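The following exercises ask you to read a protein model step by step, beginning with one helix and ending with charged pairs. Try each task before you turn to its solution.

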Amino acid sequence: MHNLIINNTKQQGLCLAVLGTASEVGKSIVTTALCRIFADQGVRTAPFKAQNMSNNSGVTPEGLEMGRAQIVQAEAAGIPPHVDMNPILLKPTGDTGSQVVILGEAVENLTARQYYKNKTRLFSIACSALDRLRDTYDIIIMEGAGSCAEVNLMPDDLVNLRMAEYAGALVIVVADIHRGGVFAQIIGTLECLPQKQRDQIAGFIINRFRGDMRLFDDGVRWIQERTGKKVLGVLPWYDHFHIEPEDSVVIENPKAISPAKIDAPAIAVIRLPHISNFTDFDSLSSLPGLEVYFIEKVQDLSGFRAVVLPGSKNTRSDLHWLHTTGWSQKINVYADQGGHLLGICGGYQMMGHVVHDPEGLEGHPGKSQGLMLLPVETILKAPKTTTRSRFAWQDIEGTGYEIHMGQTRRLDGEPLFQVFERNRIPCETEDGCTIHASRIMGTYMHGLFDTPGITRRWLNIVGLGKITLPDPYGLAGKDTAYDHLAAHFEKHIDVSEIVKLLN
């Protein structure tokens with residue numbers, strides 16, 4: 001461990017910006033690592049991302065919505081998540097439009113053109129959120145978005161170099177060597193920037209290196225000589241721990257899985273076009289002896305012990321996709337043959353008889369026939385439900401969070417969970433529906449597999465009782481992974497040099 005002493009004579013907290021040469025180069029991972037490293041040294045640390053675009057969201061203790069990546073980073077920093085850490089969240093509903101969530105509340109659906117017309121106001125909102133964090137914390141680890149050198153977007157930038165300039169932040173740029181062209185990534189990024197913005201950048205981190213690190217020593221020297229800036233370290237590829245990914249690009253274009261080639265017990269998650277909160281299954285994926293497959297192409301499901309319909313940002317559109325591709329027939333055949341099915345949030349809504357959308361919240365007003373797997377019906381309507389919830393599955397208590405538009409009414413069957421607390425307020429209500437001795441079930445609860453007892457009961461029901469849960473598991477397992485990430489980062493990145501540059 002380094003002795004990280006922050007010499008800050010300012011009244012507000014210092015800012016360190018982690019920007020990137022492109023999307024998916026590792027900005028979130030670097031930010032998460034720095035949050036844990038500084039927090040471990042007793043430095044009051046908070047994450048910040050002015051604008052996040054993702055359908056992977058979560059709920060704060062106050063019952064407000066924000067991006068999952070900043071919730072993960074807050075966990076790594078050992079603090080409760082707060083919407084000031086992600087004041088603007090864009091949740092794509094299609095190719096050109098998004099639901100806009102400002103300071104935790106869904107405001108409206110806008111096209112990209114409409115959104116950009118509001119950039120001045122949004123930048124002011126983001127700056128105010130950052131200022132509030134700086135009044136509370138010693139250091140803010142700011143994450144950028146995409147490439148920090150998108151020339152066409154720079155005039156309206158509110159998350160990369162413009163925000164870093166407002167904060168007076170030290171800027172580190174992350175590049176991904178695994179995707180190739182790392183020298184072009186770095187030099188090209190600098191060439192696209194005016195001198196003033198080049199001067200903001202203090203150094204680089206090279207991410208996802210495979211092989212003998214010594215073979216890149218010449219590359220490091222070349223980058224430093226060519227740019228006049230420091231390479232703060234080369235971060236090797238890791239697979240001995242897992243950190244929750246930011247967005248669903250990690251599950252893009254999954255391949256079909258032949259039932260004949262499934263050797264270990266396996267669970268299928270249908271990769272919906274508008275899938276949301278796919279990280280619900282991270283804890284399941286960590287189980288030794290269990291395979292979790294995201295599948296998109298229509299296929300036979302008979303080889304899977306269970307099939308899950310996950311959350312969706314556009315339930316009716318994804319339901320139409322299930323019907324028109326032939327997925328609905330395959331899913332119903334699987335159910336008729338005794339298969340185990342679970343629907344979560346949007347997936348739960350799809351498993352019912354019908355989804356009503358009288359106000360056109362997801363497009364044109366109307367209704368869509370469901371999969372007819374559960375005796376429930378859903379009406380999509382505002383306001384949006386966002387809660388952190390505590391619930392019980394018979395005698396086992398669990399925690400989760402709910403994010404959904406509308407309400408689902410149970411017509412028959414039994415409730416799956418009893419909910420006894422939402423947003424720290426006691427309540428007595430029910431959630432979900434289950435039929436056929438819990439062989440087919442649905443719930444609004446995200447994160448249910450983070451509770452060991454809940455996971456164990458579900459595994460027993462689907463015939464996977466022999467699967468063992470690692471210790472630690474769930475939330476405790478995530479915390480251990482943050483420690484592993486910090487150790488991995490400190491081994492290869494010159495954190496002392498970062499502190500020196502900050503000071």
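Two residues are said to be in contact, or to pack against each other, when heavy atoms of theirs lie within 4.5 Å. Please keep in mind throughout that the model is a predicted one.

**Exercise 1. Find which residues of helix 8 are buried, and state what they pack against.**

Step 1. A residue counts as buried when its relative accessible area is under 20%, and in helix 8 this applies to Gly219, Val220, Ile223 and Thr227.

Step 2. Around the helix axis these residues cover an arc of only 100°, which puts them on the same side of helix 8. It helps to recall that an α-helix has 3.6 residues a turn, so residues three or four places apart point the same way.

Step 3. The buried residues pack against helix 6 (182-191), strand 11 and strand 12, while the face turned away from them carries the exposed residues Asp218 and Glu225.

Step 4. Helix 8, which spans residues 217-227, lies across strand 11 and strand 12 and runs at about 150° to strand 12. Just after the helix, Gly228 takes a positive phi of about 75°.

**Exercise 2. Describe the open sheet to which strand 12 belongs, and say which strands stand at its edges.**

Step 1. The sheet has six strands in the order 2-9-1-10-11-12, and their pairing is parallel.

Step 2. Strand 2 and strand 12 (230-236) stand at the edges, each with a single partner strand, so one side of each is left without a neighbour in the sheet.

Step 3. Neighbouring strands of this sheet are turned by 20° against each other on average, if direction is ignored.

Step 4. For one pair in detail, take strand 11 (residues 201-209), which pairs with strand 12 in the parallel sense over six bridges, and note that Ile206 stands opposite Val234 in strand 12.

**Exercise 3. Place Ile206 within the largest nonpolar core.**

Step 1. This core has 91 residues, and Ile206 is one of the four that touch the most other members, together with Leu16, Met142 and Phe489. Helix 4 gives the most to the core, with eight residues.

Step 2. Leaving aside residues up to four places away in sequence, the contacts of Ile206 include Ile223, Val231 and Val234. Of these, Ile223 is already familiar as a buried residue of helix 8.

Step 3. Apart from this core lies another, of 64 residues, among them Val292, Leu342, Cys345 and Met350.

**Exercise 4. Compare the surroundings of two salt bridges, Asp138 with Arg44 and Lys478 with Asp450.**

Step 1. In the pair of Asp138 and Arg44, the closest N and O atoms are 2.8 Å apart. Asp138 lies in the loop between helix 4 (119-136) and strand 9 (139-143), and Arg44 in the loop between helix 1 (27-40) and strand 2 (45-48), so the pair ties together parts that are 94 residues apart in sequence.

Step 2. Asp138, at 25% relative accessibility, counts as partly exposed, and Arg44 counts as partly exposed at 46%.

Step 3. In the pair of Lys478 and Asp450, the closest N and O atoms are 3.3 Å apart. Lys478 lies in helix 14 (residues 475-492) and Asp450 in the loop between strand 26 (440-443) and helix 13 (452-461), so this pair ties together parts that are 28 residues apart in sequence.

Step 4. Both Lys478 and Asp450 are buried, and salt bridges that share partners join them with Arg68 and Glu244 into one network.

Methods:
Residues are numbered from 1 along each chain as its sequence is written. This is a predicted model: local features need pLDDT of at least 70, side-chain atom pairs count only at pLDDT 80 or more; totals for chains, interfaces and linings use all residues. Side-chain values use heavy atoms; hydrogens and water are left out. A salt bridge is a side-chain nitrogen of Lys or Arg within 4 Å of a carboxyl oxygen of Asp or Glu. Helices (H or I, at least four residues) and strands (E, at least two) are DSSP runs, numbered from the N terminus. Buried means under 20% relative accessible area, exposed over 50%, partly exposed in between (1.4 Å probe, protein chains only). Two strands pair if DSSP finds at least two bridges between them. Axes are lines fitted to C-alpha atoms, for helices over the stretch in contact, and angles run from 0 to 180 degrees between N-to-C directions. A nonpolar core is a set of buried Ala, Val, Leu, Ile, Met, Phe, Trp, Tyr and Cys residues joined through side-chain atoms within 4.5 Å. The arc is that of the directions from the helix axis to the C-beta atoms.
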